[in-house]
Amino acid sequence: MSSKLARGSFLILIGNIVFRIGGYIYRFLMASLLGPASYGILTITLQFQGIFQVLSAAGLPPAIAKYISEYTALDEEVLARQTIYTSLKIMIFLGIFFGLAMFFFVAPWLTFNYFNKPDLLIPMQFVGLITPFSVIVGAFRGSFQGVYKMEYILATRTVEQIFMIIFATILVLIGLSAAGAVLGSVLGFAASAVLSVFLFLKYMGKYIPQPKEEHKFHMKDELKLAKSLVTFAIPVTITALAEMGIYSICTFVMGKFLASNLIGYFGAADPIARLPLVISISVATTILPASSAAFSTKNQNLLNKYVLSAFKYGMIFVIPLCIGIAMFSAPIMSLVYFTRVEYVLGATALSILVIGMTFYSMFAISSSIVQGIGNPRIPMYILLFGAAITVILNWIMVPLYGIEGGALATSIACFIMMVPMLYMTFKLTKVKFPYKTFTKIIMASLIMGLVILLIPQNSYGLLMSIILCPIIYLTILTLTKTFDESDISAIRRFSKKLGPLNKVINKILNFVEKYIDK
C-alpha cells in the first residue's frame with residue numbers, strides 16, 4: 001500500500017505540474033496573440049469558467065474517490081460502480097443546468113448589467129459549453145483516483161491541456177479573439193471527456209469488476225447513496241469556491257471599475273505571481289498524508305520533523321523566489337511578453353501580488369497540515385473569512401489605485417489568512433514555531449535583495465541575478481548554519497537520480513557540511 005501511495009502521489013504531482021505548465025503556456029500564448037484589451041476580456045471569463053466548473057461538479061470527484069476506495073476495499077463492487085453512476089447523474093444534471101443558466105441568463109446579465117462590456121457576451125456564453133464536458137471528466141477522474149490509477153488522471157489532464165492550447169491558438173489566429181480562446185478550452189475538455197470514457201470502459205473493469213450476480217439498485221438505495229455523496233461534497237465545494245475567490249475577486253471588481261486593457265495587464269502579471277505556488281502546493285500535497293500518518297500513530301517526534309521540514313523547505317525556495325520576482329518584475333514582464341511590450345505596465349501589480357503569494361504559500365502548507373491531522377473545516381472557515389476580506393478591500397482599493405490596488409488588497413487578505421492559520425497549525429500539532437530558521441531564511445533573502453538593488457534592472461541584470469543570487473543566498477544560509485545533517489542526507493539521496501548533476505551537487509554539499517554542527 002505504501003508503494004502504491006508513493007507512486008500515486010508522485011503521478012498526481014506530475015499531473016499538477018503538467019496542468020500548471022499547460023495553463024501557463026495557454027495564458028502566455030493568449031496574452032501575446034490577443035493583446036491587452038482582448039486578454040482582459042479573457043481574464044474575466046476564465047474566472048467564471050473555474051467557478052462554474054466547481055459548481056457543476058458539486059465537489060463530487062473527491063467523494064467518488066473516497067467511496068470507491070472504501071467499497072472496493074470491502075469487495076462491494078455493486079456499490080462501487082453505483083457510486084460512479086449516481087454521481088454522473090447528479091453531475092450531468094448540474095452541468096447541463098449551469099451550462100444553460102450561464103449561456104442564456106448569467107452571461108447576458110453580467111455582460112450588460114454588471115461589467116457593461118459587450119465584448120464579454122460570447123466568451124461568457126461559451127463557458128456554458130464547457131460545464132457538461134468538465135463534469136464527465138471530473139466524475140471519471142474521481143473513479144480513477146479511487147482505485148489509485150493516477151496515470152489515467154495524468155493522461156486526461158495532458159490531453160486536455162494539449163487540445164486546449166492547440167485549438168485556442170488556431171481559433172485566435174483565424175480571428176475569433178477571446179471567444180476562440182474559450183472555445184479552445186471547450187474542445188480541450190471534450191477531448192479529455194472522450195478519453196476518460198474510453199479509459200473507464202476499457203480498463204476499469206479490472207479494478208471495479210462487474211458483480212457476479214445481477215443486482216437491481218432501488219431508487220431508495222440510490223437516494224441514500226446520493227445523500228452521502230452530496231453531504232461529503234458540500235464542504236469541498238465551499239472550500240474550493242472560497243479558495244478561487246481569493247484569486248478571482250480582484251478580477252471581478254476590476255471588471256466593474258476598470259477598462260479591459262488594464263485588466264489585461266493584471267491578467268498577464270497574475271500567472272507569473274503564482275509561480276511560487278508550484279513549490280508550496282507541491283510541499284502541501286506531500287505533507288498532508290505524512291502529517292496524517294504521524295498524528296494518527298501519536299508519534300510527536302515524527303510530526304515535529306514533518307511540520308518543521310515542510311515549512312523550512314517550502315520557505316527556503318518560496319521567499320527568495322518571491323523577492324526576486326518582485327524586484328525584477330519589469331524585466332520579467334518585458335522578457336515573457338516580448339511581443340507585447342505594453343504588458344510591462346503590469347509590473348508594479350506583479351511586484352505587489354507576488355509578495356502576497358508568499359503569505360498564501362504559508363497558508364497552503366499550514367492548511368494541508370491541519371487537514372492531515374483531521375481538522376478540514378478550519379481552513380474552510382479561514383478561507384471564507386479571507387474571501388470576505390478580499391471583497392471588501394478590493395471594492396475600496398481598486399477604484400482608488402487601479403490594478404495595483406487589487407494586487408495590494410489580495411496580498412493583505414492573504415496575510416490576514418496566514419496569521420490565524422499558522423497559529424492553529426502550531427497549536428494543534430504542538431510543534432514549536434521555528435523562529436530561528438525563519439529569521440535566517442528572511443535575513444538571507446533580504447541580503448540577496450540588497451545585492452539585487454546593485455544590479456541593473458534589465459534583461460542582462462536579470463540573467464546576472466539568476467547566476468549570482470543563488471550563490472549568495474546559499475552561502476548565507478550555510479554560514480548561518482540553517483542546514484543540518486538530515487538536510488544533507490536527503491539532498492544526497494535525491495541527487496543520485498540527477499545523473500551528471502550529482503557530482504556538482506555533492507561538491508556543493510561538501511562545502512555546506514563544513515559549517516554544520518556535528
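Helix α7 contributes the most to the lining of the largest cavity, with three residues. The model is a predicted one, and the structure holds one cavity of 30 Å³ or more. The volume of the largest cavity is about 50 Å³. Its lining consists of Ile246, Tyr247, Cys250, Phe266, Asp270, Arg274, Leu353, Met357 and Thr410. Three helices each supply at least two of the lining residues: α7 (219-257), α8 (260-273) and α12 (347-372). Sorted by class, six residues of the lining are nonpolar, one is polar and two are charged. As for how such a space is found, rolling a probe the size of a water molecule over the atoms shows where empty space is left.

The cavity sits in a chain of 17 helices and zero strands. The chain has 518 residues, of which 52% count as buried. Among contacts in the chain with a separation of 6 or more, 81% are between residues 24 or more positions apart. The accessible surface of the chain is about 23,900 Å², and carbon and sulfur atoms account for 71% of that surface.

How far the predictor trusts the model can be read from pLDDT. The mean over the chain is 84, and 85% of the residues reach 70 or more. Residues 1-6 are a stretch where pLDDT stays under 50. For residues 1-6 the model has two contacts beyond four places in sequence.

Several single residues show how the helices meet. Threonine 83 belongs to helix α4, which covers residues 77-115. Threonine 83 counts as buried because its relative accessibility is 0%. Setting aside residues up to four places away in sequence, threonine 83 touches Ile64, Tyr67, Ile68 and Tyr71. Leu225 and Leu229 also touch threonine 83, and the range of α7, 219-257, takes in both of these positions.

Serine 185 is a second buried hydroxyl residue to look at, placed in helix α6 (residues 150-203). Its relative accessible area is 1%, so serine 185 falls in the buried class. Beyond its neighbours within four places in sequence, serine 185 is in contact with Tyr26, Gln49, Ile130 and Met164.

Helix α6 also contains serine 177. What is the sign of phi at serine 177? Phi is positive there, at about 55 degrees, although serine 177 is not a glycine. Most residues other than glycine have a negative phi. Serine 177 has a relative accessible area of 29% and is therefore partly exposed.

Asparagine 116 likewise has a positive phi of about 55 degrees without being a glycine. Asparagine 116 is located in the loop between α4 and α5 (121-146). Is asparagine 116 buried or exposed? With a relative accessible area of 59%, asparagine 116 is exposed.

Further along the chain, helix α13 (residues 377-429) holds phenylalanine 426. Phenylalanine 426 is buried because its relative accessible area is 9%, under the 20% limit for that class. Which residues surround phenylalanine 426, once its neighbours within four places in sequence are left aside? Phenylalanine 426 is in contact with Val307 and Phe311, and with Val431, Lys432, Phe433 and Pro434. The C-alpha atoms of phenylalanine 426 and valine 370 are separated by 9.2 Å, while the two residues are 56 residues apart along the chain. Valine 370 falls within the range of α12, 347-372, the helix that also supplies at least two residues of the lining of the largest cavity.

Notes. Residues are numbered from 1 along each chain as its sequence is written. This is a predicted model: local features need pLDDT of at least 70, side-chain atom pairs count only at pLDDT 80 or more; totals for chains, interfaces and linings use all residues. Side-chain values use heavy atoms; hydrogens and water are left out. pLDDT is the predictor's confidence in each residue, from 0 to 100. Contact means heavy atoms within 4.5 Å. On a 1 Å grid over the protein atoms alone, a cavity is a set of points where a 1.4 Å probe fits but cannot get out, and a pocket is an open set with protein on both sides within 12 Å along at least five of seven lines; lining residues have an atom within 4 Å of a point. Grid points are joined across faces, edges and corners, and a volume is the space filled by probe spheres set on the points. Helices (H or I, at least four residues) and strands (E, at least two) are DSSP runs, numbered from the N terminus. Ala, Val, Leu, Ile, Met, Phe, Trp, Tyr, Cys and Pro count as nonpolar, Asp, Glu, Lys and Arg as charged, and the others, Gly among them, as polar. Buried means under 20% relative accessible area, exposed over 50%, partly exposed in between (1.4 Å probe, protein chains only). Accessible areas come from the Shrake-Rupley method with a 1.4 Å probe; for residues, only the protein chains shown count as cover.
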